Amino acid sequence: MIVIINYGSGNLKSIKNGFTKIGEETVISQDIREMEKADALVLPGVGAFGTAMEHLESYKDIIHEHINNGKPFLGVCLGLQVLFTKSQENKGVKGLDIFKGEVMKIPEEGLKIPHMGWNNLKIVNECSILDGIENDYMYFVHSYYAKPDDEDIIAATTNYGIDLTAAVCRDNVFATQFHPEKSGEVGLNILKNFVKSIPSK
Amino acid sequence: MLAKRIIPCLDCDLNVPHGRVVKGVEFKQIRYAGEPVDLATRYYEEGADEIVFLDITASHERRETMTDVIKATTENVFVPICVGGGIRKPEDYVNMLKAGADKCSTNTAAIHNPDLINEASKVVGSQACVIGIDAKRRYVENPKESEDKIIVETDKGYCWFDCSIYGGREFTGIDAIAWAIECEERGAGEILLTSMDRDGTKDGYDNYLNKAISEAVNIPVIASGGVGSPEHIYNAFTQGKADAALAASIFHFKEYSVGFVKKYLKKRGIPVRL
């Protein structure tokens with residue numbers, strides 16, 4: 001079972017609908033026991049880094065345990081950013097620190113903030129959830145972007161004045177800055193690829 | 001590169017089960033275009049970048065019909081959904097987002113209670129707070145005599161833009177450009193900008209209005225009102241500096257498909273998602 005972590009943030013219904021559309025059952029849950037049994041965890045999220053980390057306090061351990069056990073994990077949007085060490089959005093708040101690095105404010109320089117809308121990907125490193133994806137357009141809504149210490153974990157970037165991290169992958173941990181559940185058929189293909197990474201599938 | 005968005009708009013009459021999409025010229029000659037869920041699905045399949053549902057009845061009693069429409073739509077439509085009409089309290093935003101919407105648009109309620117923008121953006125985030133501005137040109141003889149208004153030079157002379165509420169039935173005297181700036185400061189994430197002079201005319205968007213607002217704020221602006229051809233959409237991006245273009249009747253009555261419009265734009269050098 002895929003468990004979508006409900007920590008009081010964002011539009012959880014859409015990501016559930018996305019998985020349903022590709023024939024995959026999911027459960028939206030706040031229950032740690034359910035997360036312990038999960039084959040895969042999905043961490044969605046819209047909002048601020050600090051608030052999200054506050055709400056994630058009780059789920060930190062289970063997320064770390066799940067990842068350490070090698071089980072597939074997908075972070076989406078803010079669910080990508082909280083995987084990092086810290087963020088300029090709320091200085092002093094510690095992230096999940098699964099990836100070393102900082103979440104930075106997108107430089108304005110004549111560009112509208114947030115970076116909102118459809119932007120195309122540039123694939124920079126191989127990653128199984130991006131199988132079959134090339135320079136496709138994905139739907140983004142964000143004002144901050146992740147800057148990993150280890151650039152090799154960046155699977156794809158998108159250009160908005162500068163190259164922004166669009167997807168990161170390391171072993172069983174996948175995360176996208178864009179919303180696959182709002183990125184049309186191509187986005188659903190990313191969810192399909194994620195499902196393929198679950199050993200029981 | 002960020003693509004320009006094409007957004008079909010569904011004006012929904014929710015007084016019948018499942019609702020129905022209507023389109024009128026200045027609220028007259030109402031034509032029935034189909035059921036909201038069916039049309040939204042068709043536009044998604046044609047390549048719409050986002051879909052806007054406007055409850056033209058803006059009635060609180062019909063909230064449930066609207067959430068049902070959103071729930072049914074988002075089972076099969078995987079692009080952002082914006083809902084407008086009758087959104088008055090932060091909890092209205094929350095309920096629409098829970099149903100599967102990504103953004104809510106407010107006009108009258110925000111003008112009556114601007115703090116709603118601050119409150120709602122704190123609860124659901126700026127990205128979910130769209131402000132609808134319905135603006136009408138007010139021509140002035142001498143631009144220097146209108147110090148309290150932001151004057152724009154247009155094809156037909158100097159004017160300022162007056163915000164209307166209640167679907168164009170009442171005018172407020174509020175300067176639309178100044179209001180757009182205030183909305184951004186209060187936490188709005190996007191402006192859905194409709195020209196009341198052009199709405200329903202098919203003469204093209206008011207690109208003087210679009211450009212003035214787009215350059216005054218640092219949040220995306222959706223051009224609306226008056227589109228009759230793909231060229232009008234091209235002009236909204238080039239002359240109007242808009243980030244997205246909204247259209248209703250050209251899509252509803254199959255004059256052009258979303259896909260046709262996007263191919264046309266691409267050919268003319270506009271970045272679009274195909």
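**Exercise 1. The interface between the chains**

How many salt bridges are there between chain A and chain B, and which elements of chain A supply residues to the side that touches chain B?

Solution. The count between chain A and chain B is two salt bridges. This structure is a predicted model. In one salt bridge the side chain of A:K112 meets that of B:D243, with N and O 2.8 Å apart. Next come the polar contacts: 17 residue pairs link chain A and chain B in this way, both residues being at pLDDT 80 or more. On chain A, the elements that each supply at least two residues to the side touching chain B are α1 (12-21), β7 (115-123), β8 (137-142), β10 (154-160) and α6 (184-196). The most comes from β7(A), with six residues. By type, that side of chain A divides into ten nonpolar, eleven polar and seven charged residues.

Now take the area. Chain A and chain B bury about 2400 Å² between them, and carbon and sulfur atoms give 54% of that. Of the area that chain A buries against chain B, A:K112, A:M116 and A:W118 supply 30%, more than any other three residues.

**Exercise 2. Two helices, each with a buried face**

Which residues of helix α4 (residues 60-68) of chain A are buried, and which residues of helix α3 (residues 90-99) of chain B are buried?

Solution. Begin with α4(A), where A:I62, A:I63, A:H66 and A:I67 are buried. Viewed down the axis of α4(A), these residues fall within an arc of 130°, so they line one face of the helix. A general rule helps here: an α-helix has 3.6 residues a turn, so residues three or four places apart point the same way. On the other side of α4(A), A:D61 and A:N68 are exposed. The cover over the buried residues of α4(A) includes β1 (2-5), α2 (32-36) and β12 (173-176) of chain A. Just after α4(A), A:G70 has a positive phi of about 80°.

Turn to α3(B). Its buried residues are B:D92, B:Y93, B:M96, B:L97 and B:A99. They fall within an arc of 155° seen down the axis of α3(B), so they too line one face of the helix. The cover over the buried residues of α3(B) includes α1 of chain A, together with elements of chain B, among them α2 (63-73) and β7 (129-139). Just after α3(B), B:G100 has a positive phi of about 125°.

**Exercise 3. Salt bridges within a chain**

Which parts of chain B does the pair B:D49 and B:K262 tie together?

Solution. First find the bridge: the closest N and O atoms of B:D49 and B:K262 are 2.7 Å apart. B:D49 lies in the loop between α1 (36-46) and β4 (51-55) of chain B, and B:K262 in helix α10 (residues 258-267), so the pair ties together parts 213 residues apart in sequence. Both B:D49 and B:K262 are buried.

B:D49 also meets B:R273 in a salt bridge, at 2.9 Å from N to O. B:R273 lies in the segment after α10 of chain B, so this pair ties together parts 224 residues apart in sequence. B:R273 has a relative accessible area of 14%, and because buried means under 20%, B:R273 counts as buried.

For contrast, take A:K122 and A:D163, whose closest N and O atoms are 3.9 Å apart in a salt bridge. A:K122 is partly exposed, at 46% relative accessible area, and A:D163 is partly exposed, at 42%.

Conventions: Residues numbered from 1 in each chain as written. Chains lettered and ligands numbered in written order. Predicted model: local features only at pLDDT ≥ 70, side-chain atom pairs only at ≥ 80, totals over all residues. Heavy atoms only, no water. Buried area = accessible area lost by both parts, 1.4 Å probe. Salt bridge = Lys/Arg side-chain N within 4 Å of Asp/Glu carboxyl O. Polar contact = N/O pair within 3.5 Å; in protein donor to acceptor, adjacent residues only side chain to side chain. Helix = DSSP H or I, 4+ residues; strand = E, 2+ residues; numbered from the N terminus. Nonpolar A, V, L, I, M, F, W, Y, C, P; charged D, E, K, R; others polar. Buried < 20%, exposed > 50% of the residue type's maximum accessible area, 1.4 Å probe, protein only. Arc of directions from axis to C-beta. Contact = heavy atoms within 4.5 Å.
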